[in-house]
Amino acid sequence: MPEAFESLYAEYKKGNISCREAARQLDISHTTFLRWGRDLDARLWEEETGE
């Protein structure tokens, strides 16, 4: 996963950038960007809840 992913994903979640624009900046497909985002959200959820 590229270093810039988490900051671009945060901007996407705030509504400051579209998933397609973020994916373009990372040179990946928008579906990959969204999948990585779901994976990150799940990982963060597990860390917060201990599940």
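These legends accompany close-up views of a predicted model.

**Figure 1. The whole chain is helical in its assigned elements, with three helices and zero strands.** Read from the start of the sequence, the pattern is α-α-α. The C-alpha atoms fill a box of roughly 35 × 20 × 20 Å along the principal axes. The chain has 51 residues, and 25% of them count as buried. Take the contacts between residues at least 6 apart in sequence: 41% of these join residues at least 24 apart.

**Figure 2. Phe5 and Tyr9 form a stacked aromatic pair.** The ring centres lie 5.5 Å apart. The planes meet at 15 degrees, and the pair counts as stacked because that angle is under 30 degrees. Both residues belong to helix 1, which spans residues 5-14. Four residues separate Phe5 from Tyr9, about one turn of the helix. Phe5 is buried, with a relative accessible area of 0%. Tyr9 has a relative accessibility of 8%. Tyr9 therefore counts as buried too, as the cut-off is under 20%.

**Figure 3. Tyr12 and Phe33 form an edge-to-face aromatic pair.** Centre to centre, the distance is 5.6 Å. The angle between the planes is 85 degrees, so the pair falls in the edge-to-face class, which needs over 60. This pair links distant parts of the chain. Tyr12 sits in helix 1, whereas Phe33 sits in helix 3, residues 30-49. The two are 21 residues apart. Tyr12 is partly exposed, at 28% relative accessibility. Phe33 is buried, with a relative accessible area of 0%.

**Figure 4. Five aromatic residues, Phe5, Tyr9, Tyr12, Phe33 and Trp36, form one cluster.** The stacked pair of Phe5 and Tyr9 belongs to six aromatic pairs in the structure. The edge-to-face pair of Tyr12 and Phe33 has both its members in the cluster. Among the cluster residues, Phe5, Tyr9 and Phe33 are buried. Tyr12 is partly exposed.

**Figure 5. The surface of the chain and its charged side chains.** The accessible surface comes to about 3700 Å². Carbon and sulfur atoms account for 47% of that area. The chain carries 7 positive and 11 negative side chains. The centres of the two sets lie 7 Å apart.

Definitions and conventions: Residues are numbered from 1 along each chain as its sequence is written. This is a predicted model: local features need pLDDT of at least 70, side-chain atom pairs count only at pLDDT 80 or more; totals for chains, interfaces and linings use all residues. Side-chain values use heavy atoms; hydrogens and water are left out. Rings of Phe, Tyr and Trp (its six-membered ring) pair if their centres lie within 6.5 Å; planes under 30 degrees apart count as stacked, over 60 as edge-to-face and the rest as tilted. Buried means under 20% relative accessible area, exposed over 50%, partly exposed in between (1.4 Å probe, protein chains only). Contact means heavy atoms within 4.5 Å. Accessible areas come from the Shrake-Rupley method with a 1.4 Å probe; for residues, only the protein chains shown count as cover. Lys and Arg count as positive and Asp and Glu as negative; His and the chain ends are not counted. The place of a charge is taken as NZ of Lys, CZ of Arg, CG of Asp or CD of Glu.
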